[in-house]
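I opened the notebook with a fresh page and a pot of coffee. Here is what I looked up, entry by entry.

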2 protein chains.
Amino acid sequence: MEILPKAITNAIESLSDLPGIGSRSAERLVLNLMRANSGLDQKIARSLGELKSQVHECETCFHFCESNEKQCVLCRGQNRDPHVLCVVESPLDLIALEKTHEYKGLYHVLHGVISPLNRIGPQDLRLAQLFDRLKKNPDIQEIILATSGNTESDATAMYIAQEIQPFFIGKISRLSRGIPSGGDLDYLDIGTLSRAISERRDF
Amino acid sequence: MEILPKAITNAIESLSDLPGIGSRSAERLVLNLMRANSGLDQKIARSLGELKSQVHECETCFHFCESNEKQCVLCRGQNRDPHVLCVVESPLDLIALEKTHEYKGLYHVLHGVISPLNRIGPQDLRLAQLFDRLKKNPDIQEIILATSGNTESDATAMYIAQEIQPFFIGKISRLSRGIPSGGDLDYLDIGTLSRAISERRDF
């Protein structure tokens, strides 16, 4: 016997399909929405309902952009350095890098990494478009392969470096590896620490 | 400068208004929805959109029930014991108790606790309806005040006990207090442990 109305169990089920939200959390969220008079339930319903229809990928860098515009704000931006191109796995990584205010160049979003286990090959990413972009823009003098620190990301970066070497004469760089800011040496994994030693810098 | 389309920031903002979901988590959830082809965004939008319109409170116990029915499944149930009434703070507590399969009686949902700090008085809960229900149902022989273990819940239970004593001749009980199942003695707070000693049971 269902002790909750169908509409509530539907809402719980749909929210618990979100990554990182279990059925207990979803239960609490939905019953919280039932209690609140803030109209938050309708606000979320509306914003998610129109999410995908109002957004598409920028035709240049494949970051998300308004569906009524061809290019994202970064590609249209006047004050971005057109000589550097930073290749990231996802829009989340782009946002993280933008928050540092350290980088002023352009981006290219791959939308994933090569992952044979998950049957994601080079053709599933925006790689052909990246190679095309490099060939058509001789202005680009440096490519930063800003992939994450795990094996699949490393392999993807290596694949890109290999593929572009025949025709790209600029500099290919990657993010530095080492101990994170505020990180305690004795808590670090061996991989990070050995990278930090082998890639040590002059003081 | 906004580096994300308006529809995405709208969705992030609305999700981060949910309790326990910060802006970082909301960002991840929304960008995950953007990536997934499962239609989960539309599923959540639909289920939350119709949530409140398809649910109202049972006119007897005030648990949630289908909006096209007057009573919830528990009040309509044939195999529930009509002699015991369990008073709970919220539908979440009702669900938790139902999951134990230990209780077979009826419920009454208060939808909150008396909390002077949050300006919630007895008139804001389903208390008048509880007293009315008790007066009209001489069948009820026991009331279990199944409120939580904090001060406001205790005070609410005490208020109810005081108010019903003049006219209710049945038994008034509450949930037992003590060490939780699987709990380590040395990790317990003093309050719980002293209750466990003072309310000890024969072996």
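**Entry 1: the contact between the chains**

I began where the two chains meet, keeping in mind that this is a predicted model. The contact draws 46 residues from chain B and 46 residues from chain A. On the side of chain B that touches chain A, I listed the elements giving two or more residues: α1 (6–16), α2 (23–35), α3 (40–49), β2 (64–66), α4 (73–76) and α5 (91–100) of chain B. The largest share of that side comes from α3(B), with 9 residues. I then sorted this side of chain B by class and got 27 nonpolar, 8 polar and 11 charged residues.

**Entry 2: how the copies are related**

Next I asked what rotation superposes chain B on chain A. I found 180 degrees, with 0.0 Å of shift along the axis and an RMSD of 0.1 Å. The two copies are therefore related as by a two-fold rotation axis. The same surface serves both copies, since 100% of the contact residues of chain B recur in chain A. I also wanted to know which residue of chain B comes closest to the rotation axis. My answer is A45(B), whose C-alpha lies 1.9 Å from the axis.

**Entry 3: chain A as a whole**

I moved on to chain A by itself and counted 8 helices and 6 strands. Reading along the sequence, I noted the pattern α-α-α-β-β-α-β-α-β-α-β-α-β-α. The domain assignment splits off domain 1 (6–49) and domain 2 (78–174) in chain A. The C-alpha centres of these two domains of chain A are 36 Å apart.

For overall dimensions, I put the C-alpha atoms of chain A in a box along the principal axes and got roughly 65 × 50 × 35 Å. The radius of gyration of chain A is 22 Å, whereas a compact globule of 203 residues would have one near 17 Å. Of the 203 residues in chain A, 28% are buried. I also checked contacts in chain A between residues at least 6 apart in sequence, and 43% of them join residues at least 24 apart.

**Entry 4: the nonpolar core**

Which residues have the most contacts inside the largest nonpolar core? They are V87(A) and V87(B), in a core of 88 residues. I followed V87(B) outward, leaving aside residues up to four places away in sequence. V87(B) touches H108(B), L110(B), L130(B), I143(B), I144(B), L145(B), A146(B) and I160(B).

**Entry 5: two positive phi angles in chain A**

I went looking for backbone oddities and stopped at F62(A), which is not a glycine yet has a positive phi of about 70 degrees. F62(A) is in the loop between β1 (55–57) and β2 (64–66) of chain A. Is F62(A) buried or exposed? I scored F62(A) as buried, because 24 other C-beta atoms lie within 10 Å.

H111(A) also has a positive phi in a residue other than glycine, here near 60 degrees. I placed H111(A) in the loop between β4 (105–109) and α6 (127–136) of chain A. With 18 other C-beta atoms within 10 Å, H111(A) is partly exposed.

**Entry 6: a few single residues**

K104(B) sits in the loop between α5 and β4 (105–109) of chain B. I noted K104(B) as exposed, because it has 12 C-beta neighbours inside 10 Å. Not counting residues up to four places away in sequence, K104(B) touches R80(B) and D81(B). From K104(B) I ran a line to L48(B), 56 residues apart along the chain, and the C-alpha atoms are separated by 31 Å.

R24(A) is in helix α2 (residues 23–35) of chain A. R24(A) counts as exposed, with 11 C-beta neighbours inside 10 Å. R24(A) and A45(A) are 21 residues apart in sequence, and C-alpha to C-alpha they are 21 Å apart.

My last stop was D154(B), in helix α7 (residues 151–164) of chain B. D154(B) counts as partly exposed, with 15 C-beta neighbours inside 10 Å. D154(B) and I114(B) are 40 residues apart in sequence, and C-alpha to C-alpha they are 9.6 Å apart in space.

Methods:
Residues are numbered from 1 along each chain as its sequence is written. Chains are lettered from A and ligands numbered from 1 in the order in which they are written. This is a predicted model: local features need pLDDT of at least 70, side-chain atom pairs count only at pLDDT 80 or more; totals for chains, interfaces and linings use all residues. Two residues are in contact if their C-beta atoms, placed from the backbone, lie within 7 Å. Helices (H or I, at least four residues) and strands (E, at least two) are DSSP runs, numbered from the N terminus. Ala, Val, Leu, Ile, Met, Phe, Trp, Tyr, Cys and Pro count as nonpolar, Asp, Glu, Lys and Arg as charged, and the others, Gly among them, as polar. Domain bounds come from an automatic or database domain assignment. A nonpolar core is a set of buried Ala, Val, Leu, Ile, Met, Phe, Trp, Tyr and Cys residues joined through C-beta atoms within 7 Å. A residue is buried if 20 or more other C-beta atoms lie within 10 Å of its own, exposed if 12 or fewer, and partly exposed in between; C-beta atoms are placed from the backbone. Copies are superposed by least squares on the C-alpha atoms of residues with pLDDT of at least 70 in both. The radius of gyration is taken over C-alpha atoms; the globule rule is 2.2 Å times the number of residues to the power 0.38.
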